[in-house]
Every structure is written in C-alpha cells, then in structure tokens.
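Got your viewer open? Load the model and keep the selection panel handy, and we'll walk through it together.

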Amino acid sequence: MFEQQVVMMVCRSGAAIMPGPDLGRNKFEWFSRGFKHINTVNENEKNPQDGLLFARAFEWRLNMLTGEVKEKYLTGTEFALDFPFINEMFTGLRNKYGYAQVVDSDASSTAGMPKFGGLAKLCLEERKVEFSSGEKKPEEYVKVEYHMLPRNTFCTGAAFVARHGSGATEEDDGWIVTFVHNEDTNISEVYIVDAKKFGNEPVAKIVLPNRGPYGFHGFFVQGG
C-alpha cells in the first residue's frame, strides 16, 4: 500500500556533474560529450562519455515492510531535466506536480557547461505513452508541460512561489520565478510564470540592472 512506501523522485543522470581530478584541469571535452542529447548520439561512433549527463526524472519506491525497491524513469528522452523543485508547502507530502529546468543539450554541449532553455511542469498523476531512445516498445511516463524560452535565452535559479490567502486551493496555485539571460541582447531579467497557465507568456518580466550569472541558485522568502 502507498502508506507503507517511501517514494523518492529525483533527476538522475549517468554520471555526477562534478568530474573527478583524473580529468585534469581542462574538462571542456568531458562536459561537451556529457551534455550531448542521447537521441543524437551515433551508436557506431559512441564514446562512453557521450550523453552521460543527460538527466531524466526518476522514481524510487522503497517498501518499508519488505525492503523491496522499485525504480523507473518518469520522463522520456525529449529533453534533459535538472534542478527539480516543488511547491514547498507540500514538502514531505504526496505531490501532484513537480518542476525542473530544461537543459538545452545543443547549447550545453557547444559551451561545455549546462544551459537551461526552459522550464518543465511534471504532472505526476497524469500518464502518457511514448517511445524513447533505445526502447523497442512504448513506455508510460508522466505528462510534462513546457515553458520554453526564446532562442539563445537561458534560465537559472527557478523557484515556486505559492499563492497566499483564501484564493489558494490547489498545489499549483502560484508562480515559477526564474532569472533569465538573453545572450543576443546581453539583458538579464526575472520571469514570473503562472504555474496553472504554464505554456503562456510570463505574467511579468523584470529587467535587472546587472547580469544574472549562470549556475545561480534561487529560492523565495516571503516578506514581512
């Protein structure tokens, strides 16, 4: 039964994103190969490092009575996902929704560093069937909605901000707030995305006076 299990949902890749010292000081090639999209890797020319950093949402179910562990991927191979987060008011509870940043595999592989070209909303209680790389039969994954950014625009530090007051009735009542940088204009902004209308244009864009650096982590603190 569900109450006899601990369910862990994470973003899982084939290798740790922090490389060891054996690679030396220049790790560009390792990152470049690791961020390749696994659907684009030529099997006949594949290097063991190719696609190692392609992260997908993953689930472990730990049965606390029997010790049995069940595991499976929750998402397919359309996009790599990382830096997952939820509505923190539901921490430790059963979640209907999870969120993550969408890796731009091409941009990341070219730059040798992670670049996130959008946001993802995982609808954990809704399922769809699809084929993924290397699979001979369709698999069932959770439904995913996307909020993709304009070309050469990348985000970082995304967080969920819950709606407060009597109007908040559901888990996805709130907004996703993230720092965004446009490499063509060299302008950084804060995007505020309605979590219920995830694919729509942001409800607000706030221009920042300075560059928001990639790799910036973020969380929201309610003001007094």
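The tour goes from the whole chain down to a few single residues.

**Stop 1: the whole chain.** Keep in mind that this is a predicted model. Select everything and switch to cartoon: you should find 2 helices and 11 strands in the protein. Colour by position along the sequence and follow the order, which reads β-α-β-β-β-β-α-β-β-β-β-β-β.

**Stop 2: overall dimensions.** Show just the C-alpha atoms and line the view up with the principal axes; the atoms fill a box of roughly 60 × 55 × 35 Å. How does the radius of gyration fit a compact globule? The protein has 19 Å, and a compact globule with 224 residues would have a value near 17 Å, so the two agree.

**Stop 3: surface and charges.** Turn on the accessible surface, which comes to about 13100 Å². Carbon and sulfur atoms hold 52% of that area. Colour by burial next: of the 224 residues, 38% are buried. Now pick out the charges, 25 positive and 30 negative. Put a marker at the mean position of each set, and the two markers will sit 1 Å apart.

**Stop 4: contacts.** If you like contact maps, draw one for the protein and keep pairs at least 6 apart in sequence. Of those contacts, 52% join residues at least 24 apart.

**Stop 5: the cysteines.** Select the cysteine sulfurs and look for bonds: there are 0 disulfides in the structure. Why is cysteine 123 unpaired? Its closest cysteine sulfur belongs to cysteine 11 and lies 15 Å away, which is too far for a bond when the cut-off is 2.5 Å. Cysteine 155 is in no disulfide either, and its nearest cysteine sulfur, again that of cysteine 11, is 13 Å away. While you have these selected, check burial. Cysteine 123 is buried with a relative accessible area of 1%, and cysteine 155 also counts as buried, at 1% relative accessibility.

**Stop 6: histidine 37.** Where does histidine 37 sit? Go to the loop between α1 (28-34) and β2 (56-63), and you'll find histidine 37 there. Is histidine 37 buried or exposed? Its relative accessible area is 13%, so it falls under the 20% cut-off and is buried. To see what surrounds histidine 37, leave out residues up to four places away in sequence and show its contacts as sticks: Phe54, Thr77, Glu78, Phe79 and Ser105.

Terms used: Residues numbered from 1 in each chain as written. Predicted model: local features only at pLDDT ≥ 70, side-chain atom pairs only at ≥ 80, totals over all residues. Heavy atoms only, no water. Helix = DSSP H or I, 4+ residues; strand = E, 2+ residues; numbered from the N terminus. Rg over C-alpha atoms; globule rule 2.2 N^0.38 Å. Buried < 20%, exposed > 50% of the residue type's maximum accessible area, 1.4 Å probe, protein only. Contact = heavy atoms within 4.5 Å. Areas by Shrake-Rupley, 256 points an atom, 1.4 Å probe, with all protein chains shown as cover. Lys, Arg positive; Asp, Glu negative; His and termini not counted. Charge placed at Lys NZ, Arg CZ, Asp CG, Glu CD.
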